[in-house]
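Q: I would like a close look at one part of this model. Please keep it plain and brisk, and then set that part in its wider setting.

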Amino acid sequence: MLKKQNIALLLLAAAVPVTALLPLPDFWIAQLNYMGLYALVCLGLVLLTGVGGLTSFGQAAFVGIGAYTTAWLTLNLGMSPWLTLFVGLGLTAISALVVGFITLRMSGHYLPLATIAWGLALYYLLGNLDALGKYDGLLGLKSLSIGSIDIGQGRLFFVLTWAILLAGAVALLNLLDSRPGRAIRSLKTGSQMAEAMGISTFRYKVTIFIIAALFASVAGWLMAHFQRTVNPSAFGLKMGIEYLFMTVVGGVGYVWGAIVGAGLIKLLDDYLQVALPALIGTSGSYEVIVFGIAMVLLLKYLPDGLWSVVASKFPRPQRTVDWHDAADLPTRSKPTMGDVVLHVDKIRKQFGGLTAVNDISFEIAAGQIVGLIGPNGAGKSTTFNLVTGVLSKTSGQVKFRGEDISALSSREISRQGMARTFQHVKMIPDMTVLENVALGAYTRGSQGVLSSMLRLNQAQEQRMMKEAQRQLERIGMGEYLHEQAGNLAMGPQRLMEIARALCCDPALLLLDEPAAGLRHKEKQGLAQVLRQLQSEGMSILLVEHDMDLVMDVCDHLVVMEFGTLLTQGTPAEIQASPAVRAAYLGTEH
Ligand code: ADP
Ligand code: MG
């Protein structure tokens, strides 16, 4: 990890026992305990909602599962709370897996609605089960203890809760800065790019849903033994909304935002509950009104939350380049020069009555640059998407290195060694160029969520960074390693996408209009990059509008018009073809 960040973390960790030793009134310690518990739930929401883009109003329900599991088991079976913690985590993981499997394929507003339904369902279930004490809940839980020492209240509980919270925050920070973390951060940009890098976006959605639920479950376990009672109202929809509210106020995209948001809302809540009725003269839940107004103002003026102000003052320090000695990542065997790499046989795509691609066939040999050209609407992008598996074919066959890949998904095809870029650049703007490019090496690594959280992934991480740097330097982007990807101009952005695709160690590279939006100089640079890649044995399929570039770099051209193959041949043959001229000039022969 980065040095300054380490120091900040150590100071924070030291602040916990120091705070516990200060002569603070018990009331304040109790406040801090609640803040810690709420922040733990919010931490999960940062990962799920802030980073992953999945909005959940149902986190309180997972807090409830953790709390009720330990309450019931300790009261009825006399089990130790240290055991029931793990039973609760298990039950939470199973419910999150089931709920996640059903809901996470939903898009748009359906997911938040589904989490509301789930929160409500659990609330009424808890409230109606006799064994769980219905709406009165369960009473008389034991405080947490180690041997004969009671650590479930006051200062010792504060140290326990905040130690867990800080450990969770560090684990999350570690995770976000890793192979699975980059995959998780790509979820918000839509699934197409991530899938094209060989990432199962659904798997990661379920994974972060489960992680967030586990954070909530631990908070529930702590809460149950701290309050020594559980009842459904603490785990209902209102609390579900409040957790989301706290996280958004603090800054849903920031790990430290979770703590700031939970702390602030807890303080304000208590203050306003006393101050407002005194001010107004009658009792009532006026704080809810104030919160409502504050939320609207915050969303308008500070949509990224309070921590975004802090984060903007302290730019993320550059990654130290410590991977010079790292080993290279494994590579796949490459086809020999001249072998057929891609064989497209009569592929067809119909959109209702429109035949966008009409029985197109062509081949690409290893070391060849093939251009796919044609007027607007000719079906080039659709052909591209049929080859890469983004769209399903109506009929026809695609063979890649001799294997039929017609029925494979874009993720499976990418794993076979076909890498692509996008007509409209798809990247993670708040990650550095280096990290964006490292996303391409995803399938060449293996480190998972747990090892990344524990930072046992460093050796492989260095190998990935080394590869990303190598690919960036290969295409002349060596100076941009630590630049925020979102700050790049169009030209470097497109080059970055090519470097990312190269990081997949592909046998075939597919580029969708790489020269679009590039200046003349940049186009010349791109042509040079393509020729250099070819000289290194790369096969390339190029969809491109810029005729100068196409004629300059391609060995073979496939010309489409109205979905059909007009002709194919060398650039010289194509330039001499009257049919092609007619198609481009819009005149009949
Ligand atoms: P190009 O990339 O050569 O400009 P496209 O492959 O994007 O052409 O489109 C070919 C034809 O297919 C166009 O007429 C377009 O309107 C149509 N088309 C493309 N995608 C779809 C879709 N998802 N649904 C319906 N029609 C589509
Ligand atoms: Mg197109």
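What covers the buried residues of helix 18?

A: A word first: this is a predicted model. The cover over the buried residues of helix 18 includes helix 7 (179–185), helix 16 (433–438) and helix 19 (490–502).

Start with the helix itself. Helix 18 has 17 residues and runs over residues 458–474. Does its length fit? We can work that out. At 1.5 Å a residue, the expected span is 24 Å, and the end C-alpha atoms are 24 Å apart, so the two values agree.

Next, the residues that are hidden. Q460, E461, M464, M465, E467, A468, Q469, Q471 and L472 are buried in helix 18. Buried here means under 20% relative accessible area. Read the numbers of those residues with the helix turn in mind. An α-helix has 3.6 residues a turn, so residues three or four places apart point the same way. Try that on Q460 and M464, or on M465 and A468; these four are among the buried residues.

Now look just past the helix. G476 follows helix 18, and its phi is positive, near 75°. Glycine is one case; other residues are another. Most residues other than glycine have a negative phi. Yet K134 has a positive phi, near 45°, and is not a glycine. K134 sits in the loop between helix 5 (110–128) and strand 1 (138–139). Its relative accessibility is 38%, so K134 counts as partly exposed. K346 is a further case, with a positive phi near 50° in a residue other than glycine. K346 is not in a loop but in strand 5 (residues 340–351). With 51% relative accessibility, K346 counts as exposed.

Compare a residue in a helix elsewhere. T103 belongs to helix 4 (residues 81–103). Its relative accessible area is 7%, under the 20% cut-off, so T103 is buried. The T103 side chain reaches back to the backbone oxygen of V99, at 2.7 Å. Leaving out residues up to four places away in sequence, T103 touches L111 and A114.

Then take a strand residue. K399 lies in strand 8 (residues 395–400). At 32% relative accessibility, K399 counts as partly exposed. Apart from neighbours within four places in sequence, K399 is in contact with V341, L342, H343 and D404. F202 is 197 residues from K399 along the chain, and their C-alpha atoms are separated by 27 Å.

Last, step back to the whole chain. Its secondary structure comes to 23 helices and 14 strands. The C-alpha trace spans about 90 × 55 × 50 Å along its principal axes. Of the 589 residues, 53% count as buried. Contacts with a separation of 6 or more were sorted by distance along the chain, and 75% of them join residues 24 or more positions apart.

What about the surface and the charges? The accessible surface comes to about 25700 Å², and carbon and sulfur atoms hold 61% of that area. There are 45 positive and 42 negative side chains, and the centres of the two sets lie 4 Å apart.

Notes:
Residues are numbered from 1 along each chain as its sequence is written. Chains are lettered from A and ligands numbered from 1 in the order in which they are written. This is a predicted model: local features need pLDDT of at least 70, side-chain atom pairs count only at pLDDT 80 or more; totals for chains, interfaces and linings use all residues. Side-chain values use heavy atoms; hydrogens and water are left out. Helices (H or I, at least four residues) and strands (E, at least two) are DSSP runs, numbered from the N terminus. The expected span of a helix is 1.5 Å times one less than its number of residues. Buried means under 20% relative accessible area, exposed over 50%, partly exposed in between (1.4 Å probe, protein chains only). Contact means heavy atoms within 4.5 Å. Accessible areas come from the Shrake-Rupley method with a 1.4 Å probe; for residues, only the protein chains shown count as cover. Lys and Arg count as positive and Asp and Glu as negative; His and the chain ends are not counted. The place of a charge is taken as NZ of Lys, CZ of Arg, CG of Asp or CD of Glu. A polar contact is a pair of N or O atoms within 3.5 Å; within protein, one must be able to donate a hydrogen and the other to accept it, and residues adjacent in sequence count only if both atoms are side-chain atoms.
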